[in-house]
Amino acid sequence: MDLDNALIWIAKASYFLAAVLFILGIKRMASPVTARKGIVQAGIGMVIATLATFAITGGHNIGLIIAAIAVGVVPTWLWGKKVAMTDMPQMVALFNGMGGGSAAAIGAGELLKFSAVGAASVPVVTIALAVLGALIGAISMTGSIIAWAKLDGRMDKRFTFGGQQVFNFAVFAAAVATGLALIAWQVQPWLIVTFFVLALAFGVLMTLPIGGADMPVVISLYNAFTGLAVAFEGYVMGIEALIVAGMVVGAAGTFLTQLMAKAMNRPISGVLFSNFGGGGEGAAIEGSQKPIEAADAASLLYMAEKVIIVPGYGMAVAQAQHKIWELSQQLIKAGKDVKFAIHPVAGRMPGHMNVLLAEAGVPYDLIADMDDINPEFKTCDVAIVIGANDVVNPAAKTDKSSPIFGMPILDVVESRQTIVIKRGKGTGFAGIENALFYADNTRMLYADGKDAANQLGAELKAIEGGGGH
């Protein structure tokens, strides 16, 4: 066996090992207890795959490869070390877009190479997968960038115009037609450029009308897109590690997207081609919101035996997770049964609330999913809602005219008492009033999340110090 063949054999074996590490790493990420080890494990697999690539380059373009790695690793490492946990959804969206863009760039490079050598000498399946991977990757890239801009507050939550869906479909159909032309006819540079312009444009157009409440589903969907694009381009390049990693990511992203769409009781088509909260305002709500002072709210907590805390995006904006955990520890030390209730689409990305609570040091066994915690609200003395809105709105179960009717919610309304921590009387992303806020057993503590947690902690301490008087 000569040296070149030996290096290729070593590289192939390394790709197999990397693929195994990818799969095991993602499996470990399914549990908060083992997620960190899973990330490290998958990262080791990526390092092995990267080093293996050097073995099959034959020494060509090593300088460019190292420069590209440096450009990719250094700024993202620095950003990753500094980014606030509240900005994690934006970072995830942007990095996912870069993954899709990388797959699209690979596809562009391969198509240009096919154009130079003559498409007739390239298998049709290879050209087709190069085109498909480039299409999906390009859509994922620009769509993720728009999602990032929306999450980062750089763009309005929605942008719509008359005949938008028809126009979007026309652009997508044109991109597909151009892609089919690349497959069926001689691959020409002008066709490649036209194809990518249309694909990139469609990614923007598809994401513009989607509301902020749907961003967790959209990010998950684009993550699946990126994985599929990488897998297709891995086949084109003959790199097994990319095929396996891409398919695993694509499958995981698709499964998560389906779960989140189900959690909202909406088809994925309803996420992509309609607007959350766009179907009306729902029935009028009688009564008024009843405010409460921090001292009175603390008294309710002092007398409670069971407390359930429901975090939402408002907690992330206020960066109140640490103070909420301090308040929770105070309640636990006082003998209260405290749990955290997480809705699948609370926040701005999958698992957003779990990440924030983990950062604050909340033990995993105190965090419960919607299906597990919902039966416990009936025995809950006080529920604290901080920054959550649509995911606790009982209109989703009672008002057929509501745009969120049918969406599974956290049954906070069944608690004996509810304290809602909110900065003002604004609505959630669905743009409708929350019937929970008007319920007889609900009181509104109008304050910033962090300030409210501090006030409640101080008042509770004062009550405990005074023997409950």
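**Exercise 1. How many salt bridges does the count come to?**

Solution. The model is predicted. Start with the rule: a side-chain nitrogen of Lys or Arg must lie within 4 Å of a carboxyl oxygen of Asp or Glu. By this rule the count is seven salt bridges.

**Exercise 2. Place the salt bridge between Lys 12 and Glu 240.**

Solution.
- Step 1: check the distance. The closest N and O atoms are 3.2 Å apart.
- Step 2: find the elements. Lys 12 sits in helix H1 (residues 3-28) and Glu 240 in helix H9 (residues 240-263), so the pair ties together parts that are 228 residues apart in sequence.
- Step 3: check exposure. Lys 12 is partly exposed at 35% relative accessibility. Glu 240, at 34%, is also partly exposed.

**Exercise 3. Which residues are linked with Glu 376 in a network of salt bridges?**

Solution.
- Step 1: take the pair. Glu 376 bridges to Lys 306, with 2.9 Å between the closest N and O atoms.
- Step 2: locate both ends. Glu 376 is in the loop between helix H15 (370-373) and strand E4 (382-386), while Lys 306 is in strand E1 (residues 306-311); they are 70 residues apart.
- Step 3: apply the cut-off. Buried means under 20% relative accessible area. Glu 376 has 19% and is therefore buried. Lys 306 has 14% and is buried.
- Step 4: extend the pair. Lys 306, Lys 339 and Glu 376 form a salt-bridge network.

**Exercise 4. Are Lys 397 and Asp 411 buried or partly exposed?**

Solution.
- Step 1: the contact. Their side chains form a salt bridge of 2.7 Å, N to O.
- Step 2: the positions. Lys 397 belongs to helix H16 (residues 395-398), and Asp 411 to the loop between H16 and strand E5 (417-422), 14 residues apart.
- Step 3: the verdict. Lys 397 is partly exposed, with 49% relative accessible area. Asp 411 is buried at 9%.

**Exercise 5. Classify two of the six aromatic pairs.**

Solution.
- Step 1: Phe 161 and Phe 167. Their centres are 6.1 Å apart and their planes 70° apart. Planes over 60 degrees apart count as edge-to-face, so this pair is edge-to-face.
- Step 2: their exposure. Phe 161 is partly exposed at 35%, and Phe 167 is partly exposed at 42%.
- Step 3: Phe 172 and Phe 202. This pair is tilted, with 4.9 Å between centres and 40° between planes. Phe 172 lies in helix H6 (residues 164-184) and Phe 202 in helix H7, so the pair ties together parts 30 residues apart in sequence.
- Step 4: their exposure. Phe 172 is partly exposed at 29%. Phe 202 is buried at 9%.

**Exercise 6. Test the length of helix H2 and find its buried side.**

Solution.
- Step 1: H2 (residues 35-56) has 22 residues, and at 1.5 Å a residue should span 32 Å. Its end C-alpha atoms are 32 Å apart, which agrees.
- Step 2: the buried residues of H2 are Ala 35, Gly 38, Gln 41, Ala 42, Gly 45, Ala 49 and Ala 52. They cover an arc of only 120° around the axis, so they lie on the same side of H2.
- Step 3: the face turned away from that side carries exposed Arg 36, Lys 37, Ile 39 and Leu 51.

**Exercise 7. Where is Asp 214 found?**

Solution.
- Step 1: Asp 214 is in the loop between helix H7 (189-207) and helix H8 (215-237).
- Step 2: Asp 214 is buried, at 0% relative accessible area.
- Step 3: Met 264 is 50 residues from Asp 214 in sequence, and their C-alpha atoms are 9.2 Å apart.

Conventions: Residues numbered from 1 in each chain as written. Predicted model: local features only at pLDDT ≥ 70, side-chain atom pairs only at ≥ 80, totals over all residues. Heavy atoms only, no water. Helix = DSSP H or I, 4+ residues; strand = E, 2+ residues; numbered from the N terminus. Expected span 1.5 Å × (residues − 1). Buried < 20%, exposed > 50% of the residue type's maximum accessible area, 1.4 Å probe, protein only. Arc of directions from axis to C-beta. Phe/Tyr/Trp six-rings, centres within 6.5 Å; stacked < 30°, edge-to-face > 60°.
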